Amino acid sequence: MNLTFIDWLIMILYFVFVLGIGFALKRFMKTSKDFFQAGRALPAWICGLAFISANLGAQEVIGMGASGAKYGIATSHFYWIGAIPAMIFVGVFMMPFYYGSKARSVPEFLRLRFDEKTRAYNACSFAVMTVFSSGISMYAMARLIQTLHIFDAAFLKMNWPLEWEFHFAIFISAIIVLGYIFLGGLTSAIYNEVLQFFLIVAGFMPLVWVGLKNVGGWSGLKSALPLAYTHSWKGMTNPHDNPLGVEWFALAMGLGFVLSFGYWCTDFLVIQTAMATDTEEAARRVPLIAAIPKMFFPFLVILPGLIAIATPAMMQHAALQTPAGVSTTAALAETAGAPDKGLIPVKVNPTTGKVITDEKGQPLYDYDLAIPNMLLRYFPTGILGLGLTALLASFMSGMAGNVTAFNTVWTYDLYQSYIHKNASDAHYLSVGRWTTVVGILFSIGAAYLATSFNNIMDTLQLVFSFVNAPLFATFLLGMFWKRTTGHGAFIGLVSGTVAAIIHHGLTLPTDAHPGIHGGWIAVIHQYPSEMAQNFWTAIWAFSTNFILTVLISLMTKPRPEPELVGLVYSLTPKPVEHHMEWYARPKVIAVGLIVMVVALNLIFR
Amino acid sequence: MNLDLRIPMGLLFTIVGGIMTLYGLFTRGSTIYERSAGMNINLIWGLVMLIFGVTMYTLGRRADKRPRAPVVEGATRPLGHGHGH
């Protein structure tokens with residue numbers, strides 16, 4: 001890649017500002033509340049944008065572009081079905097309990113509502129998950145920097161071996177994220193997430209604009225692509241008729257309900273931003289504010305994937321990247337007989353230089369390069385620096401959110417609860433600071449683990465999905481049924497995870513072999529796609545947790561009602577809304593959002 | 001929190017937008033714009049970012065000088081007495 005002085009200048013400016021914000025915030029970090037909870041003093045719009053940015057890590061940006069190239073506009077279900085309804089629910093119904101209970105983290109809420117063992121289970125699994133997610137982010141970023149040869153020219157000039165690029169990228173990202181969180185805590189992380197939000201918009205909007213103009217606008221894009229690519233609901237009645245391989249029920253129930261509510265309503269990574277606001281009403285508004293840009297994000301991150309497919313391959317620039325630096329012409333020549341995928345290169349084995357094919361002899365495509373290749377294809381030097389900065393920013397803030405969540409859960413839920421009670425606030429503040437260092441070191445460890453065992457990350461993500469899948473049932477019953485007991489919640493949660501593992505072990509996507517993809521106990525059912533299997537795993541885990549929690553709660557002794565005020569819906573006074581203008585009331589905003597999301601689904605049906 | 005995010009963010013966008021605008025002005029008619037469908041995207045988008053940055057910065061500076069609105073009675077409920085510790 002040919003980066004000029006101007007591209008570097010823009011990237012370096014961004015890093016200067018990121019660290020500068022950290023330094024500027026340092027003097028406000030006086031108590032542990034300032035550090036872990038941003039002093040509970042941030043405005044709702046900032047937290048709202050951070051709420052979606054925390055989730056918009058680079059895997060999300062790269063992954064959504066890739067999936068747009070692979071499946072088309074149907075990918076937007078992950079936003080319109082798989083996020084908006086859950087964000088509305090957490091804002092209107094759940095936030096009063098998180099914020100009002102004075103819990104400092106999601107695991108702490110579980111302790112207030114249930115008991116110590118439920119909290120400990122959730123805190124431990126969550127802490128491990130955040131460290132690995134941050135490590136995966138770091139690994140993905142270093143890989144991308146290596147693939148795009150961003151540092152090549154600089155390294156050649158310094159006479160450093162090019163193999164060091166990977167280590168260099170890991171080192172730099174670790175130092176920067178460490179720096180700004182160590183200095184400014186959660187405030188720093190949230191500020192940088194908002195900065196990243198605007199950079200993504202600033203970097204991707206012109207990309208979509210120029211790209212669409214090049215392929216002849218929306219109508220040109222539609223005519224260049226198969227019908228299913230531009231219609232999100234086509235063939236949804238039968239899993240075999242649509243590219244996702246899922247039918248509408250699994251989509252609505254598995255993705256729209258279990259997985260999405262489990263993530264947006266219980267994951268402390270996003271909830272921590274809402275809990276940093278100054279009032280309860282601001283906290284309720286955070287997910288609702290976040291839902292508005294979230295609704296339109298498919299046009300920024302999925303559309304480039306579609307444009308990448310529609311961009312004629314013959315116009316490919318020699319500078320476009322293929323994996324591991326194999327020359328583009330060679331990779332393209334080999335695919336002469338294969339279907340035209342525009343800017344998407346085929347996967348190439350880095351050691352032999354041969355194109356990787358599936359069992360039917362068709363080449364495999366590297367969809368993850370959809371977004372990077374779009375940047376290289378459409379952006380001249382100057383704005384290219386901006387586009388790359390946006391991409392790097394999303395990697396960093398993806399890491400940062402995980403690190404601050406790890407800090408809080410470790411310090412409050414594990415260290416203060418089980419290791420060192422009743423220390424001074426200054427002690428916990430410094431524990432939090434140093435936990436940042438430990439968190440980053442663990443992330444680096446996880447990133448290198450991923451380089452040596454590629455399957456380890458897939459396996460871990462699978463295990464996390466087992467732990468997360470049943471989670472929402474516990475929160476739903478805990479907040480809306482006063483009879484739910486701690487024993488019920490704990491046993492339900494653990495059994496839900498076990499159900500997820502068993503379901504995975506007994507089923508298999510049609511084109512996969514037993515092993516990491518499932519069927520490692522026996523194959524009693526086959527799903528048309530891996531996605532369908534994931535959704536049904538979640539549905540089974542949720543249902544098992546729900547049923548067992550109810551049964552065991554009925555058999556065990558509930559807590560006295562006065563203890564549950566502020567923690568359970570029916571026993572808590574409803575939030576006061578009469579002083580707000582009608583349009584600022586959470587329920588009114590919620591209805592507006594639902595109308596908008598239905599309209600979007602109708603337009604792109 | 002005493003640092004309004006709009007101030008540093010406005011500054012960053014103003015500087016980056018300014019750099020892109022200037023670069024766009026100096027490279028008018030250059031062949032590098034063949035990629036971006038013939039548009040001088042540096043100039044156009046640089047100006048957009050410049051305007052956004054200046055607006056954010058101004059808003060941030062203005063809000064810095066204004067006192068905050070008082071909290072409404074009853075909007076934040078006294079909860080969380082129930083748990084036993």
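Visitor: Before we start, what does "buried" mean here?

Guide: A residue is buried when its relative accessible area is under 20%, and exposed when that area is over 50%. Keep in mind that this is a predicted model.

Visitor: Thanks! So is Gln533(A) buried or exposed?

Guide: Buried: the relative accessible area of Gln533(A) is 1%, so this residue falls under the 20% cut-off.

Visitor: Where does Gln533(A) sit?

Guide: Gln533(A) belongs to helix α22 of chain A, which covers residues 530-555.

Visitor: And what does its side chain have for polar company?

Guide: A polar atom of the Gln533(A) side chain lies 3.0 Å from the backbone oxygen of His517(A).

Visitor: Which residues does Gln533(A) touch?

Guide: Leaving out residues up to four places away in sequence, Gln533(A) touches His503(A), His504(A), Thr507(A), Leu508(A), Pro509(A), His517(A), Gly518(A) and Tyr527(A).

Visitor: Let's zoom out. How is chain A divided?

Guide: Into domain 1, made of 5-315 + 369-452, and domain 2, which is 466-573. Taken over C-alpha atoms, the centres of these domains of chain A are 26 Å apart.

Visitor: How many residues are in contact between those two?

Guide: On the domain 1 side of chain A there are 40 residues in contact with 39 residues of domain 2. The area buried between these domains of chain A is about 3400 Å², and carbon and sulfur atoms give 79% of that.

Visitor: Which three residues of domain 1 supply more of that area than any other three?

Guide: Phe97(A), Arg113(A) and Tyr121(A), which supply 22% of the area that domain 1 of chain A buries against domain 2.

Visitor: How many salt bridges are there between the domains?

Guide: Zero between domain 1 and domain 2 of chain A. Polar contact is found there, though, in seven residue pairs, with both residues at pLDDT 80 or more.

Visitor: Which helix gives the most to the domain 1 side?

Guide: That would be α12(A), with eleven residues on the side that touches domain 2 of chain A. Helices α6, α7 and α8 of chain A also supply at least two residues each.

Visitor: Switching to the nonpolar core: which residues touch the most other members in the largest one?

Guide: Tyr98(A) and Phe297(A), out of 193 residues in that core. Helix α10 of chain A, residues 164-214, gives the most to this core, with 25 residues.

Visitor: Why does this core lie between the two domains?

Guide: Because domain 1 and domain 2 of chain A both give residues to this core.

Visitor: What does Tyr98(A) touch?

Guide: Beyond residues up to four places away in sequence, the list for Tyr98(A) includes Arg40(A), Val90(A), Phe109(A), Cys265(A), Met275(A), Phe475(A) and Met479(A).

Visitor: What about chain B, how much area is buried between chain A and chain B?

Guide: About 4400 Å², with carbon and sulfur atoms giving 74%. In residue terms, 58 residues of chain A are in contact with 41 residues of chain B.

Visitor: And salt bridges or polar contacts, how many between these chains?

Guide: The salt bridge count between chain A and chain B is zero, while seven residue pairs are in polar contact, both residues at pLDDT 80 or more.

Visitor: Where does the largest share of chain A's side come from?

Guide: From α10(A), which gives twelve residues to the side of chain A that touches chain B. That helix also gives the most to the largest nonpolar core.

Methods
Residues numbered from 1 in each chain as written. Chains lettered and ligands numbered in written order. Predicted model: local features only at pLDDT ≥ 70, side-chain atom pairs only at ≥ 80, totals over all residues. Heavy atoms only, no water. Core = buried A, V, L, I, M, F, W, Y, C linked by side-chain atoms within 4.5 Å. Buried < 20%, exposed > 50% of the residue type's maximum accessible area, 1.4 Å probe, protein only. Helix = DSSP H or I, 4+ residues; strand = E, 2+ residues; numbered from the N terminus. Domains from an automatic or database assignment. Contact = heavy atoms within 4.5 Å. Buried area = accessible area lost by both parts, 1.4 Å probe. Salt bridge = Lys/Arg side-chain N within 4 Å of Asp/Glu carboxyl O. Polar contact = N/O pair within 3.5 Å; in protein donor to acceptor, adjacent residues only side chain to side chain.
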